[in-house]
Amino acid sequence: MKAAHFSFTLAILALATIASAYDPSPLQDFCVATNDPNNALFVNGKFCKDPKLATAEDFFTSGLNIPGNTNNKVGSNVTTVNVDKIPGLNTLGISLVRIDYAPYGLNPPHTHPRGTEILVVVEGTLYVGFVTSNQQDGSNKLFTKVLNKGDVFVFPIGLIHFQFNNGHTPAVAFAGLSSQNAGVITIANAVFGSTPPINADVLTKAFQVDKNLINYLQKQFWTDNN
C-alpha cells in the first residue's frame with residue numbers, strides 16, 4: 001500500500017514538473033535556431049552586460065517631455081521607450097510610450113503581439129477601443145470608451161485596438177506595455193503595404209471587394225507613426 005502511495009506521489013510530482021515547464025515568451029518576431037555560433041547574431045532579447053560594468057545611464061533616458069511630430073497622414077506620433085532606449089530594461093518585461101495626437105488625429109488599428117497595454121490620458125479626450133478575437137458564434141466584439149484627462153484604459157495583449165482624438169485640441173497619452181519589446185503591427189500597413197505585397201487575389205477574396213480597390217490600396221503610402 002505504501003509503495004502504491006509512493007508511486008502515486010511520484011506521478012503527481014512528475015506531472016507538476018511537466019506542467020510548470022514552458023518556453024520563454026518571445027521578445028522579437030522570431031528567433032531562427034542555428035548550430036553555428038559564428039552565425040548567431042541575436043538571442044531572445046538582448047545579450048547581457050557584465051553587472052560589474054553597469055552604470056546609472058543603463059537605466060535612464062530623457063525626452064518624453066518633448067511632443068512628437070504629428071504632421072503626418074494619421075495625425076499622431078508614438079515615442080517609444082523600450083530596451084533599445086534603456087538597456088537596463090532587458091529581461092524586465094516592461095516598456096513605455098508617449099503618444100501625441102493632433103486634433104482628430106488617429107493612432108490607427110494595430111496590435112502588440114508581445115504585450116498588454118495600459119494607457120492614461122494626460123491631455124485632451126480620446127475615443128478608444130479594442131476588438132476581441134473570433135468568438136464561437138463567428139463574431140468579434142468591440143469594446144469602446146471615451147477617455148478624458150486622468151482616465152485609464154487597458155488593451156489586452158495581441159488584440160486589435162486604436163485611439164482617436166475626437167476633440168478640437170491636441171491630446172497626449174502615456175502607456176505602459178508588459179514587454180521590453182512589445183512590437184507593433186499596424187493593420188492597414190501590414191495588409192496593404194507589406195514588402196513584397198500580398199497577392200491581390202488573396203486580398204480580393206479576403207475582403208470581398210473589387211480587385212481594382214485592392215490595387216489602389218496597395219499603391220498608397222502607408223504612414224508609420226512610430
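**Exercise 1. A proline in a loop**

Find the loop that holds Pro196, then say what is unusual about the peptide bond from Thr195 to Pro196.

*Solution.* Step 1: Pro196 sits in the loop between α2 (187-192) and α3 (200-207). Keep in mind that you're looking at a predicted model. Step 2: check omega for the bond that runs from Thr195 to Pro196; the value is near -5°, and the bond is cis. Step 3: put that in context, since most peptide bonds are trans.

**Exercise 2. Two residues with an odd phi**

Work out where Tyr104 and Gln208 lie, what sign their phi angles have, and how exposed each one is.

*Solution.* Step 1: start with Tyr104, which is in the loop between β2 and β3 (106-111). Its phi is positive, about 65°, and Tyr104 is not a glycine. Step 2: move on to Gln208, in the loop between α3 and α4 (211-218). Gln208 isn't a glycine either, yet its phi is positive too, at about 55°. Step 3: recall the general rule that most residues other than glycine have a negative phi. Step 4: now sort out exposure. The relative accessible area of Tyr104 is 43%, so Tyr104 counts as partly exposed. Gln208 reaches 62%, which is over the 50% cut-off, so Gln208 counts as exposed.

**Exercise 3. Building the sheet that holds β2**

In what order do the strands of the open sheet with β1 and β7 come, and how do they pair?

*Solution.* Step 1: there are 5 strands, and the order is β1-β2-β9-β4-β7, with antiparallel pairing. Step 2: pick out the edges. They are β1 and β7, each of which pairs on one side only. Step 3: look at the turn from strand to strand; ignoring direction, neighbours in this sheet are turned by 20° against each other on average.

Step 4: go through the pairs. Strand β1 (residues 76-81) joins β2 in the antiparallel sense over 6 bridges, and Ser76 has Tyr101 in β2 as its bridge partner. On to the next pair: β2 and β9 (residues 171-177) are antiparallel over 7 bridges, with Leu96 opposite Gly176 in β9. Step 5: ask how covered β2 is. Strand β2 spans residues 95-101, and 6 of its 7 residues are buried, so you can call β2 mostly covered.

**Exercise 4. From an edge strand to a surface patch**

Which residue of β7 stands opposite Ile118, and which residues make the nonpolar surface patch of about 240 Å²?

*Solution.* Step 1: find the strands. β4 (residues 117-123) runs antiparallel to β7, and 4 bridges join them. Step 2: follow Ile118 across, and you land on Val154 in β7. Val154 belongs to strand β7, residues 152-155. Step 3: check the accessibility of Val154, which is 38%, so Val154 is partly exposed. Step 4: name the patch. Ile118, Val152 and Val154 make it up.

**Exercise 5. The other open sheet**

Give the strand order of the sheet that contains β5 and β8, and name its edges.

*Solution.* Step 1: this open sheet also has 5 strands, in the order β6-β5-β8-β3-β10, paired antiparallel. Step 2: at the edges you'll find β6 (142-147) and β10 (185-186), each pairing on one side only. Step 3: zoom in on one pair. Strand β5 (residues 126-131) and strand β8 (residues 160-164) run antiparallel and share 5 bridges; Gly129 is partnered by Phe162 in β8.

**Exercise 6. Who meets Asn72?**

Locate Asn72, then list which residues it touches, leaving out those up to four places away in sequence.

*Solution.* Step 1: Asn72 is in the loop between α1 (2-20) and β1. Step 2: its relative accessibility is 25%, so Asn72 counts as partly exposed. Step 3: its contacts, apart from those sequence neighbours, are Thr223 and Asn225. Step 4: compare sequence with space. Asn72 and Ala102 are 30 residues apart along the chain, and their C-alpha atoms are 9.5 Å apart.

**Exercise 7. The whole chain**

How many helices and strands does the chain have, and what share of its 226 residues is buried?

*Solution.* Step 1: count 4 helices and 10 strands. Step 2: read them in sequence order, and you get α-β-β-β-β-β-β-β-β-β-β-α-α-α. Step 3: 31% of the 226 residues count as buried. Step 4: take the contacts between residues at least 6 apart in sequence; 72% of these join residues at least 24 apart. Step 5: finish with the accessible surface, about 14,700 Å², with 62% of it belonging to carbon and sulfur atoms.

Key. Residues numbered from 1 in each chain as written. Predicted model: local features only at pLDDT ≥ 70, side-chain atom pairs only at ≥ 80, totals over all residues. Heavy atoms only, no water. Patch = residues over 30% accessible without salt bridge, like charges linked within 9 Å, V, L, I, M, F, W, Y side chains within 5 Å. Areas by Shrake-Rupley, 256 points an atom, 1.4 Å probe, with all protein chains shown as cover. Salt bridge = Lys/Arg side-chain N within 4 Å of Asp/Glu carboxyl O. Buried < 20%, exposed > 50% of the residue type's maximum accessible area, 1.4 Å probe, protein only. Pairing = 2+ DSSP bridges. Contact = heavy atoms within 4.5 Å. Axes fitted to C-alpha atoms, helices over the stretch in contact; angles between N-to-C directions.
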